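Visitor: Please examine a single part of this model closely for me, and set that part in the context of its surroundings. I should be glad of one connected account.

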Amino acid sequence: MTSASEAPPAFNGRAIAAIYRFEMARTLRTPLQSVVSPVLSTSLYFVVFGAAIGSRMQSIDGIAYGAFIVPGLIMLTLLTQSIANASFAIYFPKFTGTIYELLSAPVAWWEVVIGYVGAAATKSVVLGLIILLTATFFVPLRIEHPLWMLLFLVLTAVTFSLFGFIIGIWADGFERLQVVPLLVVTPLAFLGGSFYSIDMLPSFWRTVALFNPVVYLISGFRWSFFGVADVGVGVSLGMTLGFLLVCIVATGWIFRTGYRLKN
Amino acid sequence: MPPMTPIIAVSGLSKTYASGFQALKTVDLEIRQGEIFALLGPNGAGKTTLISIICGLVNPSTGSVRADGHDIVAEYRAARAKIGLVPQELTTDAFETVRATVSFSRGLFGKRKDPDLVERVLKDLSLWDKRDTQIRRLSGGMKRRVMIAKALAHEPRILFLDEPTAGVDVELRQDMWQLVRQLRENGVTIILTTHYIEEAEEMADRVGVISKGEIILVEDKTELMRKLGRKQLTLSLQTPLAALPASLAGYNLTLAAGGDEIVFTYDTKAERTGITALLQALGEAGIRFRDLNTSQSSLEDIFVSLVSGRS
């Protein structure tokens, strides 16, 4: 059964591919939950806020309200789905015990992260693009900076997938798995300017809103669509990259110490 | 001939969990290349913790481990590539097919796709007919085979089997024993923990006994049984005895079967077993027997005696 000693790879790309394929196969097995459900929810937002209420609202920064909310709604889905996908992906092996195989394999922590986070981010980006396509059926849209739009889409998906990955390792039960997405991320996303410009807020609340990291994500993403933003696009990009860096450092610490994995 | 480098070298290994529970005290252990090593110990003795540290599932508190010459921390890729693990719990994916999950394991260990090898492993484990079946539809015994197939998918040189036959039927147990022998013939070193002492007795080349986080004995199995094994000579009497005569008081005798039998316990490692003198003394006492047989203590008897001796 033993083979001639094949030296272990310095970079275990096959492990990354195996994890990535495994995770993508899981999504394809559950298309209703993975794709149809978030698309349906977002479509309902368009119907209610875009078509029904939006037609009675003033335009914001010269943008029809129905179109104005599209970047925010995509970002809302992107954040929640990235976290849900990645947190469940790593939590479930912990819950069932199959994580033993991951921990005993010749694979570096960052390779594990690339596999899981890559798959979760891919799903989120595809979902974001599907929702974008769906939005064009409800409202007229223009994208002034398509490459920036893709950059923000991918960066946000990766960053929040990584954040979800950390939540999945931290969680020691299904309730905790839901706590951060439901009680922290969703309120931040709703209050982060998904449905309005934070310039519409009174001065005090506008200052408070600037402490909400989601504001920067939505603002930058909306700028890529319409060329208008609540905060400068450079600041948005910097904040996103900063959060990504924090998540990378935290994940590295988790694997180095074995926190909630090896003790 | 120079001594062979051990394929697993455990040195000064200890583990204290965050709760304060000390699962392993200072453990030193060497596993020889190509052997079947049985690690015996009661529940909570530290068997699974020891295996988990060697395989990378648990961080040690102190000490080091080398697998095929590679430090399991500094050279974890090289060390882990050599090791296959079949854990105690039946932990499998539910919705994957058998073939997909075995191929996944191979990929995880950085090996290129090899459908022929996967087919051979599945056939060896009588899983080929189930190759496209989702794992959740398999019986417990079949799931156990899947876990072994996953552990073998990257062609390990060292295989850890943590309670491999717990809860499996006799037929599957025999199949597994056969597989283990076949793996050993192919040069794979096997380390197994088991509650079935007969399994260790049947399979192992060497036996290690762990108790309360310490290795209390490592010994060649046959040597161990020779050293510690007690032998008993049972004499079936022609006429039952109410009590042993005083002239036989110097022998380690007991009356059994309501006085129908005399049981003589003796030490196999002693220079003289005392059987000849006993038979002569019995003749002089007028005690005649119609049959006799001898029996030797099993590994289980030895194990119980070792562990209970320390409690």
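Guide: Domain bounds, as used here, come from an automatic or database domain assignment. With that understood, please note that the structure is a predicted model. The part chosen for the close look is chain B where it touches chain A, and the setting comes first.

On that assignment, chain B is divided into domain 1, residues 8-225, and domain 2, residues 230-297. Taken over C-alpha atoms, the centres of domain 1 of chain B and domain 2 of chain B are separated by 45 Å.

The partner, chain A, contains 10 helices and 0 strands. Its pattern along the sequence accordingly reads α-α-α-α-α-α-α-α-α-α. Chain A has a radius of gyration of 20 Å, close to the 18 Å that the globule rule gives for 263 residues, so chain A is as compact as a globular protein of that length. The C-alpha trace of chain A spans about 70 × 35 × 35 Å along its principal axes. Of the 263 residues in chain A, 43% are buried. Among the contacts in chain A with a separation of 6 or more, 81% are accounted for by residues 24 or more positions apart.

As to confidence, chain A averages a pLDDT of 87, and 95% of its residues score at least 70. Within chain A, helix α2 (residues 31-53) has the lowest confidence, at a mean of 79, whereas helix α6 (residues 146-170) has the highest, at 94.

We now come to the contact itself. Here 25 residues of chain A are in contact with 36 residues of chain B. On the side of chain B that touches chain A, the elements giving two or more residues are α2 (76-81), β6 (83-86), α3 (98-108) and α5 (140-152) of chain B. The largest share of that side, 5 residues, is contributed by α2(B). By residue class, the side of chain B that touches chain A comprises 18 nonpolar, 9 polar and 9 charged residues.

One further feature of chain B deserves notice. Strand β9 (residues 206-211) of chain B pairs with strand β10 (residues 214-220) of chain B in the antiparallel sense, over 6 bridges. In this pairing, Ser211(B) stands opposite Glu214(B) in β10(B). The hairpin of β9(B) and β10(B) has 2 residues between the strands, and in that hairpin Lys212(B) takes a positive phi near 50 degrees.

Note on methods:
Residues are numbered from 1 along each chain as its sequence is written. Chains are lettered from A and ligands numbered from 1 in the order in which they are written. This is a predicted model: local features need pLDDT of at least 70, side-chain atom pairs count only at pLDDT 80 or more; totals for chains, interfaces and linings use all residues. Helices (H or I, at least four residues) and strands (E, at least two) are DSSP runs, numbered from the N terminus. The radius of gyration is taken over C-alpha atoms; the globule rule is 2.2 Å times the number of residues to the power 0.38. A residue is buried if 20 or more other C-beta atoms lie within 10 Å of its own, exposed if 12 or fewer, and partly exposed in between; C-beta atoms are placed from the backbone. Two residues are in contact if their C-beta atoms, placed from the backbone, lie within 7 Å. Ala, Val, Leu, Ile, Met, Phe, Trp, Tyr, Cys and Pro count as nonpolar, Asp, Glu, Lys and Arg as charged, and the others, Gly among them, as polar. Two strands pair if DSSP finds at least two bridges between them. pLDDT is the predictor's confidence in each residue, from 0 to 100.
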